[in-house]
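Here are a few exercises to work through with the model on your screen. Try each one yourself before reading its solution.

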Amino acid sequence: MLPLYITGLGNISPQKTWDNSHFLDEVTSVETNYLRCQDLNYKEYIAGDMVRRMSRIIKMGVAAGKICLADAECTMPDAIITGTGLGCIEDTEKFLTNMIRDNEEFLTPTSFIQSTHNTVNAQIALLLKCHNYNFTYVHRGFSFESALLDSFIRINSGESGTILVGGMDEMTPNTFAILQRLGHYKRKRVNNLGLLKDHSRGAIAGEGAAFFLLSANPGAKNYAKIEALDTFYKPDKDKIPAHISAFLERSGRKIDEIDMVLIGMSGDPANDKVYDDVRTHLFREKPQAWFKHLCGEYQTASSFGLWLAAMILKNGQVPETVRLEGVTPGKLRNILIYNHYRNLDHSLMLVSSV
Amino acid sequence: MPQRVYITGIGIISSIGNDAGAAFTSLVEEKSGIAGITLLDTSLKDKFPLAEVKMTTEELLEAVGHSGKKNLTRTALLGMIAAREAIGSAGFDDINEYRTGLISATTVGGMDRSENFYKEFLVDPKKGHLIDIVNHDCGDSTERIADFLGIKCFMTTISTACSSSANSIMFGAQLIKAGFLDRVIAGGTDSVTKFTLNGFNTLMILDKNSCRPFDENRAGLTLGEGAAYVVLESEEVIKAQNKKVLAELTGYGNANDAYHQTASSPEGNGAFLAMQNALQLSGLMPEEIDYINVHGTGTQNNDLSEGIALQKIFGEKMPSFSSTKSYTGHTLGAAGAVEAVISVMSINHGILFPNLRFETPMKELSIAPFTKVMRGLEVRNILSNSFGFGGNNSTLIISKTN
């Protein structure tokens with residue numbers, strides 16, 4: 001498989017990540033169970049009359065997409081492919097709420113129109129007048145990964161040379177309340193940077209929109225390249241290390257060549273336990289890092305992980321805040337990202353320096 | 001050389017029947033599935049018809065051996081039934097014998113149950129049965145179907161509005177061609193919900209009577225529900241098993257209209273590009289297409305825009321065309337797969353199914369759909385369109401194999 005060169009980034013998250021000239025030099029530290037994205041002045045990115053109608057995820061997604069395209073100096077990608085777990089949930093809730101409260105009367109179409117999962121893709125295509133391949137994946141912890149897989153296939157078949165790919169989800173008070181009742185998110189507030197010291201049930205909630213310009217060839221600017229990708233569903237815990245080893249072998253990499261492992265721990269003890277074997281056996285000798293204390297847990301959080309890996313490789317440094325105890329990072333050429341969403345959807349991404 | 005991709009199985013549940021055999025009978029007998037609302041509990045009950053699957057959710061649960069359970073949404077259940085039929089039709093011995101994936105599309109996911117949950121939740125956020133909301137997201141229905149069929153190797157879900165399941169089939173073919181998978185069960189599922197019915201009502205594009213696609217006096221679409229899947233297999237796997245195939249997926253195209261969030265461009269740019277891309281990939285000339293299963297929703301906007309794009313592609317040599325949404329209603333995320341399954345039937349039986357209720361040609365167009373079943377034909381290549389909100393336009397080409 002040909003690798004995917006990351007030639008542009010645009011990341012809107014609970015951290016100040018949208019400016020690619022900074023790399024986590026300030027980190028948000030907050031007592032919470034719900035990390036919200038930083039609010040940008042979206043009018044800088046989207047025309048004022050459009051921005052007023054847009055829900056948060058649309059603003060986040062469109063702005064992150066535009067930042068990414070500008071960063072890569074790309075005006076017209078050959079494809080726009082995104083992944084989102086819950087899509088435009090704020091507009092969905094709005095329409096649903098009005099429909100129930102007013103007993104199916106007096107409804108207006110805006111929130112219905114904007115509730116479809118492909119709205120962000122559509123808005124980006126509309127802004128660019130981009131008629132090219134346009135796809136939206138909506139499969140929980142595989143949403144962003146499916147968008148990447150599609151990109152791999154298109155670039156390897158020669159159908160696309162440049163692809164704008166993104167992962168995004170928004171959290172709303174209602175969705176947070178529901179997922180908290182389901183035990184996905186913590187009852188108590190904890191400091192996000194001290195998340196692993198808390199052993200209560202659930203993760204801290206999060207959200208974000210991370211976009212990447214992927215190219216068949218190196219660009220003017222190269223952050224990193226994605227060499228390989230794998231998704232696997234509901235694995236037996238015992239078989240995970242063997243699965244990862246087999247993935248590395250298929251990708252033509254030895255464990256020795258992996259310089260760091262980026263792990264999708266969310267602060268939910270039950271789900272984080274799944275990573276135990278991998279951390280203490282397979283990658284015991286390796287530097288390890290994590291990221292969900294910065295972005296929270298959501299279906300497409302792995303896109304924040306990919307942003308982090310790309311920035312680490314580009315900048316040649318691992319910010320203190322993402323390091324886990326153990327081996328200190330040395331040379332940084334190959335990073336493996338291992339993430340799972342609620343122990344259902346597991347994914348691996350192999351990211352290398354250019 | 002990339003692998004060729006064949007269709008070896010079909011499964012469908014919709015308002016015109018609970019399996020492929022029943023659907024075929026309705027199609028041949030020109031029996032539409034559109035009728036007054038009998039199952040959906042909505043205050044719009046007497047205002048609009050629907051194309052409902054004529055089974056209650058309890059009956060669907062029974063059909064998959066989950067009687068009395070409450071952990072499955074109507075969307076997932078419809079998908080389970082149609083996907084099971086598709087696999088049966090393809091004659092799989094062991095689902096994991098080859099690298100087999102599931103690609104399912106949906107636009108509403110578990111909304112049918114979320115509506116119940118929100119009723120109580122809005123009054124008190126501590127209320128509402130969690131079992132009614134846990135399956136809300138689109139990915140849930142796919143995982144339920146995968147678990148039901150025993151698929152573990154690969155799965156994903158697509159949601160590009162009304163073109164969703166055409167895109168499932170397209171992505172499935174791409175994964176096979178790339179050598180990533182050997183077999184894919186690809187399609188989509190959507191149940192009718194109050195959410196979608198009210199949504200389309202706010203857009204004022206629902207016909208108070210049964211939809212009349214491509215008719216001068218068309219007054220909107222009729223919503224439907226259902227699920228349909230095709231089984232796609234690689235050339236290599238088919239050869240290894242010496243397997244009988246139903247048809248070949250020879251082309252697909254995806255383009256964005258980039259005109260408006262919900263409306264189609266007056267020139268039908270996205271539609272034109274999707275068809276052009278599909279024809280190019282298939283290597284077929286427009287005159288080699290024997291039949292077009294149009295998107296044909298029955299809205300003013302779609303049928304005009306699609307019609308103009310069709311005329312641009314086919315010129316004077318317009319093939320026979322019809323919208324089978326006049327039978328099934330618009331099944332949203334399932335529509336592309338529903339129409340792919342109907343296209344396979346047309347190829348296999350040499351029968352084309354008409355555009356029901358068509359009376360008056362549109363004055364802006366020089367083309368009109370046919371209105372009676374046509375039999376005894378050699379149907380070699382079918383082009384099927386699926387267009388959606390957000391300008392997501394897709395075209396599939398399904399061909400007869402020798």
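**Exercise 1.** Among contacts in chain A between residues at least 6 apart in sequence, what share joins residues at least 24 apart?

*Solution.* Start with the term: two residues are in contact if their C-beta atoms, placed from the backbone, lie within 7 Å. Now take the chain A contacts between residues at least 6 apart; 79% of them link residues at least 24 apart.

Before going on, note that this is a predicted model, where local features need pLDDT of at least 70, side-chain atom pairs count only at pLDDT 80 or more, and totals for chains, interfaces and linings use all residues. Residues are numbered from 1 along each chain as its sequence is written, while chains are lettered from A and ligands numbered from 1 in the order in which they are written.

**Exercise 2.** Why does the radius of gyration of chain A agree with that of a compact globule?

*Solution.* First, the rule: the radius is taken over C-alpha atoms, and a globule gets 2.2 Å times the number of residues to the power 0.38. With 354 residues that gives a value near 20 Å, and chain A has 19 Å, so the two agree. Next, look at the box: the C-alpha atoms fill roughly 60 × 45 × 35 Å along the principal axes. Finally, 59% of the 354 residues are buried (20 or more other C-beta atoms within 10 Å of their own; exposed means 12 or fewer, partly exposed in between, with C-beta atoms placed from the backbone).

**Exercise 3.** Find helix α8 (residues 240–250) of chain A: which residues are buried there, and what do they pack against?

*Solution.* Step one: chain A has 12 helices and 12 strands, which are DSSP runs (H or I, at least four residues, for helices; E, at least two, for strands) numbered from the N terminus. Step two: in α8(A), the buried residues are Ile240(A), Ile244(A) and Leu248(A). Step three: down the helix axis they fall within an arc of 75°, so they line one face; the arc is that of the directions from the axis to the C-beta atoms. Step four: they pack against α10 (276–282), β11 (334–341) and β12 (345–352) of chain A. Step five: flip to the face turned away, and you'll meet the exposed Ala242(A), Ala246(A), Glu249(A) and Arg250(A). After the helix comes Gly252(A), with a positive phi near 70°.

**Exercise 4.** How many residues of domain 1 of chain B are in contact with domain 2 of chain B?

*Solution.* Mark domain 1 (5–241) and domain 2 (251–399) of chain B; these bounds come from an automatic or database domain assignment. Then count: 61 residues of domain 1 of chain B touch 55 of domain 2 of chain B. On the domain 1 side, α6(B) gives the most, with eight residues.
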